[in-house]
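Trainee: I would be grateful for a close look at a single part of this protein, set in the context of the whole chain. Please take the overall architecture as the starting point and then proceed to individual residues.

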Amino acid sequence: MDTDTGLLLLRLLAGLLIAAHGVQKVSFLLGGCGLAGGTEEFRRDGFRGGALTALAAGAGQIGSGLLLAAGALTPLGAAGAIGVMTVALTVKWPHGLWVQHDGYEYPLVLIGIAATLALTGPGRFSADRALGLPHWPGWTAAAALAVGVAGGLAVRALLHDAAASASPAPPTSQ
């Protein structure tokens, strides 16, 4: 195996998981709860905007995930994935790092993968290469990371209602 094959596997794994997560936000496919369920999830997490917020998040995840998986416009796909995963990270932040405590471990890993793909480029087996696009310059990786994180934090600041998410969580059975 070579680097290009490794990049292909990494892109497919991370990109398709991000896209599938978006599909779950807006439909009943892949175990999703439909748009109403996606909307309720955002409301529970303290976000305003109702169905429009769920649609935008789902579309962002589907679009950025598919771009990453295909290796198409890689810095744009990476920026989108970093943005939506930054929002997810901010939701999980109060729970700490580890996923078994509903922490931000998983969104952080996906941010790292997207940033890495922006830095390395998508590799030989990609739509970017098939379209004859040159290797993206290094500054595009920094831009993808900066735009993604800034975009995710802006969405959080604009749409999150701290008072709505401050209500105590329902008790869980042990």
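Mentor: In this predicted model, the protein reads α-α-α-α-α-α-α-α along the sequence. The secondary structure thus consists of eight helices, with zero strands. The radius of gyration is 17 Å, close to the 16 Å that the globule rule gives for 174 residues, so the protein is as compact as a globular protein of that length. Along the principal axes, the C-alpha trace spans about 50 × 30 × 30 Å.

Some totals for the protein complete this background. Of the 174 residues, 37% are buried. Among contacts between residues at least 6 apart in sequence, 64% join residues at least 24 apart. The exposed area is about 9400 Å², and carbon and sulfur atoms supply 71% of this area. As for charge, the mean positions of the 9 positive and 9 negative charges are 3 Å apart.

The part I propose to examine is helix α2, together with the residues that follow it. Helix α2 comprises residues 34-44, and within it Gly-34, Gly-38, Thr-39 and Phe-42 are buried. The cover over these buried residues includes α1 and α3, the latter formed by residues 50-70. After α2 comes Gly-46, which has a positive phi, near 90°.

Gly-46 also leads to a distant part of the sequence. Apart from neighbours within four places in sequence, Asp-161 is in contact with Gly-46 and Arg-48. Asp-161 itself is located in the loop between α7 (138-159) and α8 (162-165). Its relative accessibility is 29%; because buried means under 20% and exposed means over 50%, Asp-161 counts as partly exposed. A further relation concerns Arg-43: this residue and Asp-161 are separated by 118 residues in sequence, yet their C-alpha atoms are 9.3 Å apart in space.

Helix α1, named above as part of the cover over α2, offers another view of how separate stretches of the chain meet. Asp-4 belongs to this helix, which covers residues 3-26. The side chain of Asp-4 reaches the backbone nitrogen of Arg-124 at a distance of 2.9 Å. When residues up to four places away in sequence are set aside, Asp-4 touches Gly-123, Arg-124 and Phe-125.

To summarise the region, α2 has buried residues whose cover includes α1 and α3, Gly-46 follows α2, and Asp-161 makes contact with both Gly-46 and Arg-48.

Terms used
Residues numbered from 1 in each chain as written. Predicted model: local features only at pLDDT ≥ 70, side-chain atom pairs only at ≥ 80, totals over all residues. Heavy atoms only, no water. Helix = DSSP H or I, 4+ residues; strand = E, 2+ residues; numbered from the N terminus. Rg over C-alpha atoms; globule rule 2.2 N^0.38 Å. Buried < 20%, exposed > 50% of the residue type's maximum accessible area, 1.4 Å probe, protein only. Contact = heavy atoms within 4.5 Å. Areas by Shrake-Rupley, 256 points an atom, 1.4 Å probe, with all protein chains shown as cover. Lys, Arg positive; Asp, Glu negative; His and termini not counted. Charge placed at Lys NZ, Arg CZ, Asp CG, Glu CD. Polar contact = N/O pair within 3.5 Å; in protein donor to acceptor, adjacent residues only side chain to side chain.
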